[in-house]
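Please open the model in your viewer and set it to a cartoon display, with side chains hidden for the moment. The tour below goes from one selection to the next.

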Amino acid sequence: MNNTPRNCRVGVDIGGTFTDIALDLDGALHSTKVLTDYTAPERAILTGVKAVAETAGIALSEIDILIHGTTLATNALIERRGAKTAFVTTQGFRDVLEMRTENRFEQYDLNITLPPALIARADRFVVRERIDAAGRVLLPLDEASVSAMVEKIAEGGYESVAIGFIHAYVNGAHEVRVRDALLKRLPNLSVSISSEVSPQMREFERFNTVCANAYVKPAIKSYLDRLVVSLKEIGVGCPVFMIHSGGGIVSVESASEFPVRLVESGPAGGAIFAADIARHHGLDTVLSFDMGGTTAKICLIENQVPKTAKTFEVARTYRFRKGSGMPISIPVVEMVEIGAGGGSIASVDAMRQIRVGPHSAASEPGPACYQRGGKNPTITDADLILGKLDPDNFAGGAIPLSVEASRQAMADDIGSVISLDPEAAAYGTCEMVDENMANAGRVHTVENGKNISDFTMITFGGAGPLHAARLCEKMGISTFLVPPGAGVGSAIGFLRAPFGYESVRSAVFSLSSFDFSEANRLIDAMQAEALGFVEGGLDAGAPVIERTLFMRYAGQGWDIPVPLATDRFDADSAGGVSALFETEYARFFGRAIEGLDVEIVSWSVKASSPLAPVARVPAVVEGDDVKPAKTRRLFEASQGAYLEAGIHERDSLKPGDVIKGPAVVVERETSAVLTSSFKAIVQNDGCLLVTRL
């Protein structure tokens, strides 16, 4: 073993099908993919970490830090596999979870079915108390109703309790007192309160968020405790950190207390990975496309920073329609996510049309071609039939694929129903999923006032580079990048993420009567909270503080983000803040509105470690066309026919090499498919820059 001190960092991403491991040893990257173990997810991590450490030639004890992201919290919410949870709220508001916002996500569906509340009505309890929107106590907490509620919780055998009172985002004193009463009677009970989990206005979103936190908290805490112990048992004694939905790193202890912040942790890592590539290549308008085994994620990256939001939806139940899911009000990297991954199952609907997802074969039993018991046709089966995958070299040969099993699944579930041969069924399946993803990208960019053809795509994930060229054809995008390590992009993104935390609170301030001293107290408290999570983290210099106001005209129902440059307010600040808002409002909507008062409704303070400076990748001199060592039949959708495609091993390529489609560039964790309308030039950092011919 080399006794010279080395810097060794490991990123681990648990997905619905694969668990990805990326190890960075003094800048050299080693990676692997192993099938996710649903029974004990930590087992797949241990297997993968051992394998990648052996490949790198290091002892497990040499790992300095492990950064982890997971979809376990998301899956628990989607599949309703959480703890037995009770919800305690203000008397008169027991049915907020059922009533939602009274909006219809499908306006003309007379038989619309609203998603069921996460906590059933029988498990929701009330106490007498009331605080107004200014934080004043209108009705003191009734101790008799609290005592009665505590006994009902004790008798019900609940594992976890969520507490959400009206206007607790302004004054959480009553929530704290009820939590103390519960823990005094039931010291082992898991309790979450909304004033800590999500101190934001709009009770439906806040109540859902605290319920989601309580629902997954026991399982996530148990899992993280097992993971840390298991890693130590095999010799990995380094600190373990978690990536959160906003794209920063927090301690395992913080993640255990607020597991709802892990809901989008894996996809957030992918967006950070794409943003890092954008910084190296000087790209300011990027569409991040991450397609894994279960889902596909699309994120806008502008000025080399992923777009963020303070709310999002999980588990949409109606064709991924906005409003049909469970709202979660936490800081998050904003993206559109659809059930389209390598394991997504294809079927024929009542109108005899091919549909794909959202159900997935996942890792157990997996696609039919895995020969692990799966019988349903999936995207991976379609890709195999169409020649995008090599049956003998999938995952570096670790998982041999059966073309015959894929053909049989396509014939049974698709072909026999609508009279198609397996090739035509596979073609229809891929076209359907590609169109779904392209449409999601179009809608997402239009909603943000952008033209999708202006973007450069950065694609990664096990299935992303397989489908990127066809997506670009459909969306009118002329350029895309396939970075090195694309198959484990999210795990690499974890290694590029800053150590950070974002504090978000709601507090309404009118600029016509702006109380600057109270605003300063609020900003100071939020900054102290954010810095408290960062302290003890990575030693990377003084933290960077970012402040954002969420503002609107008085009377409006929604708000827009307004970056705040200063950290202090004074008596003259109202005019400057108003000008900032009007500039942003005009950028969003075309013009400002005269004569209306302006309000600040929510506040955000983010503390994070500074990003390391990056050097721009120097331009490469275009070389000669690379002749493939071998070829295979590859179906090209734009021509509706099989073509003879060159097969190139990515490890054998050097900067300046040119590959013209149709071609497949193969590596261990993924393959990049080039249609005949594209060519790829290998860049100095190993990226494939793919442009239209």
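What follows is a walk through a sheet and then a pocket, in a model that is predicted.

**The sheet.** Begin by selecting β6, β5, β9 and β10, which in that order make up an open sheet of 4 strands with parallel pairing. Colour β6 (124–127) and β10 (190–193) separately, as these are the edge strands, each of them pairing on one side only. If you look across the sheet, the twist from one strand to the next averages 20°.

**One strand pair.** Now restrict the selection to β9, residues 160–164, together with β10, where the two strands pair in the parallel sense over 4 bridges. Within this pair, show Ala162 and the residue that stands opposite, Ser192 in β10.

**The helix on the sheet.** Add α4, residues 143–156, which packs on the sheet and touches β5 (85–90), β6 and β9. The direction of α4 makes about 160° with that of β6.

**The pocket.** Leave the sheet and centre the view on Leu29, Pro484, Gly485, Ile492 and Glu667, which, of the 22 residues lining the second largest pocket, lie nearest its centre. The space in this pocket comes to about 580 Å³.

Which elements should be selected to see where its lining comes from, with at least two residues supplied by each? Select β3 (28–35), α9 (265–281) and α14 (489–496), each of which supplies at least two lining residues, and note that α9 gives the most, with 4 residues. Finally, colour the lining by class, which should show 8 nonpolar, 5 polar and 9 charged residues.

Methods. Residues numbered from 1 in each chain as written. Predicted model: local features only at pLDDT ≥ 70, side-chain atom pairs only at ≥ 80, totals over all residues. Heavy atoms only, no water. 1 Å grid on protein atoms, 1.4 Å probe; cavity = no way out; pocket = protein on both sides within 12 Å on 5 of 7 lines; lining within 4 Å. Points joined across faces, edges and corners; volume = space filled by probe spheres on them. Nonpolar A, V, L, I, M, F, W, Y, C, P; charged D, E, K, R; others polar. Pairing = 2+ DSSP bridges. Axes fitted to C-alpha atoms, helices over the stretch in contact; angles between N-to-C directions. Contact = heavy atoms within 4.5 Å.
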